[in-house]
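I opened the model to take notes on one of its chains, on the contact between chains, and on a few single residues.

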Amino acid sequence: MTTNRKTETGDGDGAILECRGIERRFGGIVAVTGVDLVIQPQEIFGLVGPNGSGKTTLTNAITGFYPPNEGTVRLAGRDITGTAPHKVAKLGVARTFQNLALFNGMSVLDNILLGRHIHMNPGVIRTALYWWAAQREEIENRKIVEEVIEFLQLESIRHELVDGLPIGLKKRVELARALVAEPEMLILDEPMAGMNQEEKGYMSRFILDARAERGVSVLLIEHHMDVIIGICDRMLALNYGEMIASGIPREVVKDPRVIEAYVGGSHG
Amino acid sequence: MFYRLSGVHHANYVSDSRIFKVPADRNLTAFIFLIGLAAPFIMPSLYLNSYMLPWLIWTAAALGLNLVTGWAGQLHLGYAAVMAVGAYSAIHAARFGVPWEFALIIGGLASSVIGSLFAFAALRVKGLYLALTTLAMQFVMDWVLTHSPAISGGSHASLQSPTLALLGQDITSDTGYYYVAFGWCVLVTIFMLNLKRTGLGRALVAVREKDFAAAILGVNSFYYKILAFATSSFIAGVSGALLVATFFFLAAPEQFSVNVSIQVLAMVIVGGLGSIIGSYFGVALILLVPGLVNGIVAGGSEALGMQINVETLAHIPNAVYGALIVIVLLIEPLGLGKLYGNIRDYLMVWPFDQLRK
């Protein structure tokens with residue numbers, strides 16, 4: 001069935017994320033079925049497939065928005081199948097969204113500070129007694145946020161509202177918000193959609209640096225094959241909710257089924 | 001012009017997270033605070049008692065509603081009912097002999113409990129459906145108040161509030177009442193200002209803007225919605241209790257009826273959702289303008305020697321103030337707070353405003 005099924009599946013020992021036999025149905029529609037996925041620590045793992053092939057549904061199954069109907073999701077050996085999204089976040093999974101999910105009406109800084117939410121302990125009394133009960137925590141988290149702001153070169157727009165930013169910057173702010181949570185598993189849903197070649201280059205560099213400096217594992221959903229081939233260690237291709245190929249990117253993109261899914265039949 | 005950012009440098013994060021970063025804002029606030037403190041000495045007690053005091057208490061109440069509607073984004077049409085719970089609980093407690101300090105807290109906590117019941121509706125339904133659910137709860141509360149003499153105080157449905165006493169002092173003078181209202185309003189305002197720069201405020205805005213994105217950041221939207229309702233209800237309860245203790249002196253169900261709920265919501269919307277200074281402006285417009293227009297119309301007609309019959313005289317202020325609300329919302333849908341913000345932003349760069357555009 002696949003080019004490199006053995007290397008792809010392997011065993012789940014020591015894996016950061018391990019999905020087995022994931023199936024998700026919406027009414028009579030089977031969005032994802034029989035997907036196995038193992039991501040090793042500090043790996044950048046690409047997930048590709050034509051529109052509607054189930055990539056986002058798979059991430060939603062992992063993060064708990066649409067719990068899988070069948071199959072299990074394990075995070076660092078721990079079963080998280082069907083756990084609520086806000087709990088999955090606390091366990092060390094951060095993600096960005098395909099259609100940007102920044103909070104309008106808030107500054108870039110406040111948006112990124114929200115990424116620190118799982119490390120903070122906000123409350124009503126603490127807010128009322130800010131100077132004694134909240135200030136230290138706010139400042140400490142601000143310092144961590146500032147490190148990421150510097151890392152992603154967002155210093156100049158820190159106090160600006162996110163509403164009016166160009167899309168390339170918005171995507172970068174969202175990446176910053178995901179990174180400050182200090183996740184073990186980072187899921188990026190089309191972080192380079194709508195970007196030009198130069199912005200794509202920047203973004204790829206940020207992802208590689210994030211792995212090198214912060215040791216995150218990345219599940220990267222993308223349509224840009226050059227990016228997938230360029231930065232991913234391994235990849236998985238989906239079509240109509242099923243795995244059609246997986247393994248080393250250079251080999252997977254030559255797979256006739258992948259080419260057929262992307263450019264149509266009678267091509268090989 | 002007055003507001004200057006030049007020369008303001010933040011050398012550490014503490015100074016960068018101050019409430020007022022612009023010196024002019026800080027000075028203006030201090031000035032207004034001092035005027036507030038001095039008001040009993042520079043203002044006739046008639047104005048102090050019939051304008052300043054209700055303005056301050058309603059502002060505190062409006063800020064509470066702003067917390068749940070402006071910050072957490074939950075439409076609430078039963079706010080007066082929650083205020084009623086606090087008022088009646090506190091007064092019953094005080095009549096029972098509980099010291100007023102604790103009676104007020106009991107009122108606030110009772111409101112929190114009932115207000116959190118509203119929140120359970122908010123977990124299930126959104127938007128207009130939530131508005132209707134809270135409205136239904138308002139009607140239920142109205143009915144309970146008018147039909148249970150044990151709560152509303154007998155056949156006349158009025159409940160005398162015992163003399164207010166705080167920190168061992170009986171408060172009976174106009175000045176005393178004013179300072180109680182002033183103190184409460186300042187406390188609520190400080191809380192709201194702090195809300196703007198803490199994780200709690202950010203989490204509430206996250207729930208309002210995109211709850212799915214909030215969830216993936218670890219924000220439990222159920223918890224924060226309940227927290228927003230409980231906190232705002234506490235503010236409502238204490239405000240309601242103080243309103244009766246310092247202004248009405250007699251609690252009656254119609255003081256907290258459905259049109260009061262709508263009026264508070266109007267204060268918040270006209271002032272600006274999520275704007276603190278806006279709540280002050282909004283309450284002033286809704287509460288004080290009718291009286292002001294009344295005075296102007298009556299005085300004007302007298303000066304001009306015109307004969308206006310009583311009925312017309314009673315309707316003109318309502319029409320004018322209705323028109324004012326429409327005009328404000330047409331000019332700036334985000335309310336008076338945003339209008340003030342626009343002027344402030346303009347002055348901040350004046351005369352170099354072309355740099356901004």
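Before placing a residue in a loop I need the elements fixed: helices (H or I, at least four residues) and strands (E, at least two) are DSSP runs, numbered from the N terminus. With that settled, I looked up E182(A), which lies in the loop between α7 (167-180) and β7 (185-189) of chain A. I note that this is a predicted model.

**Entry 1: positive phi**

I read phi of E182(A) as near 50°, a positive value in a residue other than glycine. I flagged it because most residues other than glycine have a negative phi. E182(A) has 17 C-beta neighbours inside 10 Å, so I logged it as partly exposed.

Y240(A) went on the list too. Its phi is near 45°, again positive in a residue other than glycine. I found Y240(A) in the loop between β9 (234-239) and β10 (242-247) of chain A. I count 15 other C-beta atoms within 10 Å of Y240(A), which makes it partly exposed.

**Entry 2: G46(A) and D226(A)**

Is G46(A) buried or exposed? I found it buried, because 25 other C-beta atoms lie within 10 Å and the cut-off for buried is 20 or more. G46(A) sits in strand β3 (residues 44-48) of chain A. Leaving out residues up to four places away in sequence, I see G46(A) touch L220(A), E222(A), I228(A), C232(A), M235(A) and P249(A). I also took the C-alpha separation of G46(A) and L75(A): 18 Å, at 29 residues apart along the chain.

D226(A) belongs to helix α9 (residues 225-231) of chain A. I logged D226(A) as exposed, because it has 11 C-beta neighbours inside 10 Å. Its C-alpha atom is 24 Å from that of D36(A), and the two residues are 190 apart along the chain.

**Entry 3: chain B overall**

I count 15 helices and four strands in chain B. Its radius of gyration is 21 Å, close to the 21 Å that the globule rule gives for 357 residues, so chain B is as compact as a globular protein of that length. The C-alpha trace spans about 65 × 65 × 45 Å along its principal axes. Buried residues are 43% of the 357 in chain B. Of the contacts in chain B between residues at least 6 apart in sequence, 73% join residues at least 24 apart.

I checked confidence as well. Chain B has a mean pLDDT of 86, with 97% of its residues at 70 or more. Among its elements, α7(B) (residues 149-152) has the lowest mean, 76, and α8(B) the highest, 93.

**Entry 4: two crossing helices**

I followed α3(B) (residues 45-71) to α12(B) (residues 258-271): their axes come within 9 Å and cross at roughly 75°. The two helices are therefore roughly perpendicular to each other. From α3(B), I noted W58(B), A61(B) and L65(B) among the residues that meet α12(B), whose own side includes V264(B), L265(B) and V268(B). I sorted the residues of this contact into eight nonpolar, four polar and no charged.

**Entry 5: chain A against chain B**

How many residues does each chain bring to the contact? I get 25 from chain B and 33 from chain A. On the chain B side, α1, α8, α9, α10 and α11 each supply at least two residues. The largest share there, seven residues, comes from α9(B). I divided the chain B side into 15 nonpolar, seven polar and three charged residues. For the complex, I copied the predictor's ipTM of 0.87 and pTM of 0.89.

Note on methods:
Residues are numbered from 1 along each chain as its sequence is written. Chains are lettered from A and ligands numbered from 1 in the order in which they are written. This is a predicted model: local features need pLDDT of at least 70, side-chain atom pairs count only at pLDDT 80 or more; totals for chains, interfaces and linings use all residues. Two residues are in contact if their C-beta atoms, placed from the backbone, lie within 7 Å. Ala, Val, Leu, Ile, Met, Phe, Trp, Tyr, Cys and Pro count as nonpolar, Asp, Glu, Lys and Arg as charged, and the others, Gly among them, as polar. A residue is buried if 20 or more other C-beta atoms lie within 10 Å of its own, exposed if 12 or fewer, and partly exposed in between; C-beta atoms are placed from the backbone. Axes are lines fitted to C-alpha atoms, for helices over the stretch in contact, and angles run from 0 to 180 degrees between N-to-C directions. Angles under 35 degrees count as roughly parallel, over 145 as roughly antiparallel, 65 to 115 as roughly perpendicular and the rest as oblique. The radius of gyration is taken over C-alpha atoms; the globule rule is 2.2 Å times the number of residues to the power 0.38. pLDDT is the predictor's confidence in each residue, from 0 to 100.
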